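Trainee: Could you take one residue and walk me slowly through its surroundings, and then tell me how a pair of chains meets?

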Protein chains: 4
Amino acid sequence: MSERLDAETVRVWGERYSNWGRWGPDDELGALNFITPGRVLAACALPRTGQVISCALPFDRRGPQSGFAGRHNPIHTMLADGGDALAGAQDGIPGGFRYADDAVSMPLQCGTQWDSLAHVFYDGLMYGGRDIKLVTSSGARANSIDKMKNGVVGRGVLLDVPDHRRVEWLENGTPILPDELDACAEACGVAIESGDIVLVRTGMLTRCLREKSWAGYCGGHAPGLSIHCARWLYEREVAAVCTDTWGLEVLPNETPDCFQPLHMISLRNTGVLFGEIFQLDDLAAACRADGNYAFLFAAPPLPITGAVGSPINPLAIK
Amino acid sequence: MSERLDAETVRVWGERYSNWGRWGPDDELGALNFITPGRVLAACALPRTGQVISCALPFDRRGPQSGFAGRHNPIHTMLADGGDALAGAQDGIPGGFRYADDAVSMPLQCGTQWDSLAHVFYDGLMYGGRDIKLVTSSGARANSIDKMKNGVVGRGVLLDVPDHRRVEWLENGTPILPDELDACAEACGVAIESGDIVLVRTGMLTRCLREKSWAGYCGGHAPGLSIHCARWLYEREVAAVCTDTWGLEVLPNETPDCFQPLHMISLRNTGVLFGEIFQLDDLAAACRADGNYAFLFAAPPLPITGAVGSPINPLAIK
Amino acid sequence: MSERLDAETVRVWGERYSNWGRWGPDDELGALNFITPGRVLAACALPRTGQVISCALPFDRRGPQSGFAGRHNPIHTMLADGGDALAGAQDGIPGGFRYADDAVSMPLQCGTQWDSLAHVFYDGLMYGGRDIKLVTSSGARANSIDKMKNGVVGRGVLLDVPDHRRVEWLENGTPILPDELDACAEACGVAIESGDIVLVRTGMLTRCLREKSWAGYCGGHAPGLSIHCARWLYEREVAAVCTDTWGLEVLPNETPDCFQPLHMISLRNTGVLFGEIFQLDDLAAACRADGNYAFLFAAPPLPITGAVGSPINPLAIK
Amino acid sequence: MSERLDAETVRVWGERYSNWGRWGPDDELGALNFITPGRVLAACALPRTGQVISCALPFDRRGPQSGFAGRHNPIHTMLADGGDALAGAQDGIPGGFRYADDAVSMPLQCGTQWDSLAHVFYDGLMYGGRDIKLVTSSGARANSIDKMKNGVVGRGVLLDVPDHRRVEWLENGTPILPDELDACAEACGVAIESGDIVLVRTGMLTRCLREKSWAGYCGGHAPGLSIHCARWLYEREVAAVCTDTWGLEVLPNETPDCFQPLHMISLRNTGVLFGEIFQLDDLAAACRADGNYAFLFAAPPLPITGAVGSPINPLAIK
C-alpha cells in the first residue's frame, strides 16, 4: 500500500486489466458478456419471495443535479392534461374520450443511470480500442447504450458497506477496498461470481435524503470504490458495478493527478458497466429483513440510438 | 354481435368491467395488483434458455411520430463528446480523463411505452374515480406512472395473431376478437392466467419497418383489439396488454361516435396497464423457434414523478 | 392613503382602469394601440448619438431562475460544433465547409421578457374579456405574443429611481409611487406621453450582479411599482412598462390578500404590456452621461405562435 | 464568366475579401463595424409613415424544418395555463390571481435567424482567424451571437428580385448576380451604402406558403445569391445580408466541389452577418405601396451566451 498511485498507475493497470478483444473485435458489450444464458437462468432461480424492489431515485426537479458538468434535473412538461379537458380543448374528440400526454427533457446522466462504454476515454480511445472521433454531436457510433438493449439481466448482489461497518453511512472521502467487499459478501453469505451485478451501498444517498440536501452530492467529496477495486472487478469478472453515489469512486480520488481513475481502468479497459445514483435503501431493508443478498436483477436501458448512457429503473426481484 | 356499439355501450361496459375500489380506496396500481408475489415467483420459473429479448423500438429521430397529437420523436443531444476532447475543451481534467455526456428530450408517449392510469379519462374521472383536476400542467397527482416503479414484472405471453392466421401482418382496420386471442393462446400451448402481461402482435410495425414508412402508423387506420376484448381483459384478470401498434385498438374504432373505447373501458375502469409501440418481431421469432410463448417479463417504467406514461425497454426472459 | 387595499380594490380598479373594447372587439394589442404611427415617427426623431444599447440580461445557465414557478434558466446545446469538424464528422461536406449549429430550451419567462396579454387573468377572463379556456396546453388562442410581432417600437423613457434618490438601489419591499415616477421624469427633463414605453430602474438587478447572488430575485421580496401606479399607467396611456426586477411590482404586495395586483389591473384590464428582468444598468449609465432619458426603443418579441410571453433583447437607440 | 469556380476559388477569394484584423485583433463584430453611430442616426431619419413591419416567419411546429441537419421546428409547451386555473391548480394563489407560463425548445437556426460569425469555418479557422477549437459542446468562446447584442440596427434596403423581374418568384437554382442587385436597387431609387443591411427577396418562401409545402425548402435546390456576390458584399461594405431562403446562396452551388461557398467567403472572411428564412412578403408589399425601399431596420439577436446563431424578429420601420 506504499505504492504511489498516479496517472501512470492508471495506464499500467488499464493495460493489465483490459478485456479489449476478449470477445472478438466487434464486441460492444464488454463485461456484460460474462452474463451468459446460463447465468441468467441461475439468476432466475434466486427469488424466494416474489418481491420486486426499485433501485431508482424519482426523476424530477428535486433530483441531485445542481449544474455540475452542465447537468440539470429532469424537466417534465404536459402536452395535454385534465385542465385541457375542463377547458373544452378536447371537445372535438368523439364519445367523451379525454386524455393526458407528457414529455421529459433530461440529461441521461442526471439520475439513476447506466454509463455506456462510450462514456469515458483517455489517450484518444474508448473501450475496445475505438477512436473517440466516433463520439460526436451526432452521438456515439460505437459502444453506445442501445447496443445493450437485451440486458441488463442477471444475478444482483448487494454489498451494504455501512451496515457491515455498523454505521449509518460512510463519511465522504472513505475508500472501499476489495477486502471489505469480500468481507461484506462473506458476512452476507454470498461469494461474487462471474457475471454478477454488484450493488455497493455507501449510505451517501441515504444521508442526503435524510438531510434534505444534495449539497456536494454531484462531483463533491464522497465515499466510494478505491482504485484498488480495479483488479477485483477484473478478476471476479464482475459485469456491472453500481453505487448510491454520483460517481461510484471515492472522492477525492486516490490519484491526485488523475480524475476518476477507476472509470478509466474498469470502464474503458475492463469494460465493466457502471451504474450510478442508485437508491439502495429499500433493497437494503429487504435484504436485511430476509438475510438474502443475492437476487434476480433487471435494469434495461432505454435503447436511445447513439446514447452514452441511459436513465434506468433497476429492479431487484427477490 | 348484432349489438349496436356506441358511446353509451362504452359507459355501460365501463361500469360493468370496473375494478374501482377492488383493492381499496387508495389503490393506484389497478390490474397490476393481480401480479401477486406468487405470480412473480411462478414467472421466474419459466425461463428455459436464458435468452433476454428487448421489445423496444430504438428511440431516435427515425421513430414513428409525425406530429400527431403534438408528439415528436426523441431528440438526442450531446453535452460533451469526443470532439470536445479533441478540441482541448476537457484539458483541464487531470490525468487524461475524458468523457461524453448526453441528453434527451422526448414525449413520454413517442415510442415503446406504458400508458399510466392517468392517461385517459371521461366524464371528469380517471381510474379509481379520481378527478381529472388532479392532472394539470404540474403532472398527475394520482395514478401517475411512478406509482408503478416496483413493476412491471410477471408472466408475459405472446399472442402472435398474424402467425396464427398464417399471414405476414393484419391489414389496417382488422379487429382482433377475444375468441381469436384464446385460439391463438391455445395453439401456442398457453392459457391466459390472472396477472398475465399479454403481448399481442399484429404485424403492423413489421410492415412499417419493411416498407420503411411510418405513414399512418400514428393515429391512422390500424389492426388492433376489438372493444369486445374489454370483457376478456376483465374476466381473465389481465394485468397489462401490449401491442406493436400506436394505439392498441382497432382503427377505425368499432364505435363510430366514440374514440378509443377500449382505453375508456379497460384502462379507466378495469385499470389494465396499456403498452404500445412494442417491437415484437425479435420475440416472435424466438417463440416460434422454441415453441414457448410464455416467459418472464420485465418492463420497469422510469419513475418520473407525476408522469402519465413512460418510455420503456420491455424485456422477455425466455 | 388610509384606503385599505385588498382583492376587492383590485377588482374595482380593474373595472375603473379598463381598456376592454376601447379599440374594438377584436383587439389583441391593448395599450400598444397608443403607439400610433405618428408616435413611432416621433420616436425615430429622438436619437442624438447613434448609440445602441441592449437592455437584456445574458441568456444562460447563470441566469436568475432557481425553480420558482417551475422556471429554469436557458439550456443551450450544440447540434454541431468545431469538435465535430476535428473528429471528421463533417468530412462528407465538400470543399472544406464546416459549421456549428445549436439549440436552446427555455421558459419564455426565464429572462428579459415580455408578458403577453394572455399571461395573467382572474375571474375566468383575460384582457378583452376573453375566456381563459382559450389558454390550454396548445397555447393561447387569443392575446398571444405573436399578435404583437409588428412591435414593440416607440419612445422609451428611463426612470432611474435609485439615481433620483441618490442611492445605489432600492431596498426590497420599497414601493414606487406615481408621484415619484413623475418627479423622476421631471428631473430628467421628460414628461410621460401617450404610447410611451416606460423603463423603471430599481437597482435590484444591479445589486444581484454586484453580490453575485440571485437569492430572492425570483418571487422574493423586491422593490417595485405600487398598486397606485395602476391609475397612472391608465391615465398616462403608457403602452408598456418594464423593470429590472422579476415581477415589476413591489413585493410583498400592498394587498395582503392578493398576489401581484398591478398585473391583475394594468395587464389584464388596462392592457399594458409588462417587461421584466430588464438589465438597465448600461442604459442608465448612458442616460446619465448625456442627460437624455428619452430614446427610440425597439424590443420585438419572437412571434412564437400561441405563446404567452417572449424572451427579448430590448434595444435603446439614443 | 468562363472562370472555373471551385474550392480553390473559394480560398483565393476568401483571402482577397477578408476583413480579418481590419478592426483590431479583438474584433468579434465583423462587418457590423460598418454601422457607425452616424449610420444609425441616418437610418433613424428614414421612416416616413411610422409603419413597423415584421420580417419573421411564425415560430411553430408548422415551420420549414424537416430534420435536415438535425434541425426541428420549435416545440412550444405550457408550464401553466387556463386549464390549470379551471382545475383549481392555482387556487393557492391569493386574491384570484391566475396565470399562464410557457417554454420553447428550438434549434437556433430553425426559423428566421442570424448566423453568428462562429457558424461556419474551414481549414480550422473561423472569422478573425480564430481556431474552431473554441466552438465545442459548451458553445462558442469567440464570435458568438451575444457579442452582437447591441445590434443589429441600421439602414435596411429591400431588393425585391422577382418584382424587378416581373415574376412571382425565382425558380430553384437561379443565381442572383451583383449586377442584378445593383439594377434592382437603382430601379428602387436606392444605392447600397457602407453599413447597409441588405434584404434580398427571391420569392421562394412566398411560393412555399402559397403551395402549403416546405418540401425542398431546407437544404434543397433554391434561388439565391451567386458566389460572385462575395466581391460585391466586400466592396459595398455590406453589414448584413438576408434572404427569404434557407441558406441564402443559390443551390445547387456554383462550385460543384464546395458547399455554400459564399458562407465560406463572406461570413468567415468578410465577416458579413447572414440572415436567413426571412419573411419578406409584408415588407415587399409595403415598399411597393409607397415606393420606398430603404428603412430603419432593427433585428436584435437574443444574447444567448456562446450561441452560434439566434432566432429573431426583424423589424422594418418605414
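Mentor: B:E249 sits in the loop of chain B that runs between β15 (240–243) and α8 (261–267), where helices (H or I, at least four residues) and strands (E, at least two) are DSSP runs numbered from the N terminus. This is a predicted model, in which local features need pLDDT of at least 70 and side-chain atom pairs count only at pLDDT 80 or more, while totals for chains, interfaces and linings use all residues. Residues are numbered from 1 along each chain as its sequence is written, chains are lettered from A and ligands numbered from 1 in the order in which they are written, and side-chain values use heavy atoms, with hydrogens and water left out.

B:E249 is buried (under 20% relative accessible area, 1.4 Å probe, protein chains only), yet this residue has no salt bridge, meaning a side-chain nitrogen of Lys or Arg within 4 Å of a carboxyl oxygen of Asp or Glu; B:R71, the nearest side chain of opposite charge, is 12 Å away. The side chain of B:E249 does make a polar contact of 2.6 Å with that of B:H263, the term standing for a pair of N or O atoms within 3.5 Å, one able to donate a hydrogen and the other to accept it. A polar atom of the B:E249 side chain also lies 2.7 Å from the backbone nitrogen of B:L262. Beyond four places in sequence, the residues in contact (heavy atoms within 4.5 Å) with B:E249 include B:P223, B:G224, B:L225 and B:P261.

As for a pair of chains, the contact between chain A and chain D takes eight residues from each, with zero salt bridges counted between them.

Key
Buried means under 20% relative accessible area, exposed over 50%, partly exposed in between (1.4 Å probe, protein chains only). Lys and Arg count as positive and Asp and Glu as negative; His and the chain ends are not counted.
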